[in-house]
Amino acid sequence: VVTYNTLIAGLCKVGRLDQARQVLESMGEAGCDANIVTFNTLINGLSNANRLEEAVLVMHGMMKRKGCSADAVTYNVVINGFCKSGDVERAYKLLEEMKAAGVSPDTFSYTIMINGLCKSLNFDKADELLHEMISTNCVPNVVTYNTLITGYCKAQNLDRACQLLDVMLKGGCAPDVVTYSAVIDGFCKSGDVQEGFRLFEKMTFRGCRPDVVTYTVLITGLCKAGQLDEACKFLEKMIDAGCMPNPGTYSLVVDGLCKVEKLDIAYELMTVIQEKGCITD
RNA sequence: UACUUAUGAGUAAU
């Protein structure tokens with residue numbers, strides 16, 4: 001079964017969904033019964049391809065089989081599909097349906113739903129779910145908090161984002177590089193690059209290593225603020241810190257320089273970057 | 001300790 005599941009997952013990943021489905025259907029004749037993971041894998045593939053009604057049909061088909069019932073992953077996958085497609089209401093209904101069917105939502109379920117609600121700017125409901133999960137002894141993890149924090153940052157509610165960061169610190173849930181990058185991005189997008197750098201200092205002080213995204217966020221902020229010299233310096237600092245920029249990172253700086261007609265500096269930067277062993281595209 | 005689900009940035013020229 002595991003071999004089959006791996007094959008189906010591979011087919012789904014490259015978009016050969018119909019073939020994945022055929023493989024699943026042929027398993028019975030081959031004397032190998034599909035299990036819950038097999039179905040979840042296919043349902044996830046359909047869901048990612050936005051073939052949601054089909055995903056639901058496969059889910060229901062599976063539930064009619066003997067010895068097969070939907071588990072938390074099954075629901076999570078479909079709920080996530082509806083959230084990503086923008087149909088948050090349908091997703092929410094499925095979460096209710098899940099509870100009614102006696103399948104307890106897990107940390108993934110709540111995080112997925114909270115993400116959907118944040119993306120549709122329904123923060124009241126998102127907070128409500130956070131409390132609901134805590135009251136049902138389902139522990140929010142770093143991803144759950146990151147999801148909410150990102151949502152609030154995008155909505156430029158930085159006070160609430162920082163408040164949640166505090167909850168994490170005090171509640172023993174260590175913020176990670178995603179948490180910090182999200183909040184730093186929030187500060188930069190609000191025009192306060194300074195505050196972004198202050199948090200950058202704090203994160204390194206607390207032992208959290210910035211990655212390529214963290215640096216890119218700050219460099220983007222500097223470029224948007226017209227501080228191109230600083231952006232260049234910071235780009236070099238990043239490389240010296242052992243963090244390799246990807247093509248997106250430095251093309252952003254090069255683009256910024258070109259827009260203010262500092263073409264010579266842009267060219268110089270390219271040279272420096274290449275000398276440092278970065279691959280330019 | 002095999003297989004499936006959730007979170008952050010950038011993405012130009014034509």
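**RNA contacts and helix pairs in a predicted model**

In this predicted model, 38 residues surround RNA strand B, and the closest are Val2, Asn5, Asn146, Lys154 and Ser181.

Me: What makes a residue count among the 38 that surround RNA strand B?

Reply: A residue is counted if one of its heavy atoms lies within 4 Å of the strand, and 38 residues, including Asn146 and Lys154, satisfy this for RNA strand B. Of the strand's own atoms within 4 Å of the protein, 44% belong to sugar or phosphate, while the rest belong to bases.

Me: Why is the approach of Lys154 to a phosphate oxygen of RNA strand B called a polar contact?

Reply: The term requires a pair of N or O atoms within 3.5 Å, and a polar side-chain atom of Lys154 lies 2.5 Å from a phosphate oxygen of RNA strand B, so the pair qualifies. By the same cut-off, Lys84 qualifies, because an N or O atom in the side chain of Lys84 is 3.0 Å from a phosphate oxygen of the strand. Thr147 qualifies too, with a polar side-chain atom 3.3 Å from a sugar or linking oxygen.

Me: How do you know which helix supplies the largest share of the surface near RNA strand B?

Reply: The residues are assigned to helices, and α11 contributes 6 of them, the largest share. Helices that each supply at least two residues include α1 (2-13), α9 (142-154) and α15 (247-259). By class, this surface has 13 nonpolar, 19 polar and 6 charged residues.

Me: Why is α9 called roughly antiparallel to α10?

Reply: The axes of α9 and helix α10 (residues 158-171) come within 8 Å and cross at roughly 165°. Angles over 145 degrees count as roughly antiparallel, and therefore α9 is roughly antiparallel to α10. The crossing of α9 with α10 is left-handed.

Me: What makes up the contact between α9 and α10?

Reply: Residues of α9, among them Val142, Tyr145 and Asn146, meet residues of α10 that include Leu158, Arg160 and Ala161. The residues of this contact divide into 12 nonpolar, 1 polar and 1 charged.

Me: How do you know that α4 is roughly antiparallel to α5?

Reply: The axes of helix α4 (residues 52-64) and α5 come within 10 Å and cross at roughly 165°, and because the limit for roughly antiparallel is an angle over 145 degrees, the description holds for α4 and α5. Their crossing is left-handed. Leu52 and Glu53 are among the α4 residues in the contact, and Thr74 and Tyr75 among those of α5. By class, the contact has 8 nonpolar, 2 polar and 1 charged residues.

Methods. Residues are numbered from 1 along each chain as its sequence is written. Chains are lettered from A and ligands numbered from 1 in the order in which they are written. This is a predicted model: local features need pLDDT of at least 70, side-chain atom pairs count only at pLDDT 80 or more; totals for chains, interfaces and linings use all residues. Side-chain values use heavy atoms; hydrogens and water are left out. A polar contact is a pair of N or O atoms within 3.5 Å; within protein, one must be able to donate a hydrogen and the other to accept it, and residues adjacent in sequence count only if both atoms are side-chain atoms. Helices (H or I, at least four residues) and strands (E, at least two) are DSSP runs, numbered from the N terminus. Ala, Val, Leu, Ile, Met, Phe, Trp, Tyr, Cys and Pro count as nonpolar, Asp, Glu, Lys and Arg as charged, and the others, Gly among them, as polar. Axes are lines fitted to C-alpha atoms, for helices over the stretch in contact, and angles run from 0 to 180 degrees between N-to-C directions. Angles under 35 degrees count as roughly parallel, over 145 as roughly antiparallel, 65 to 115 as roughly perpendicular and the rest as oblique. A crossing is left-handed if the near helix is turned anticlockwise from the far one by less than a right angle, and right-handed if clockwise. Contact means heavy atoms within 4.5 Å.
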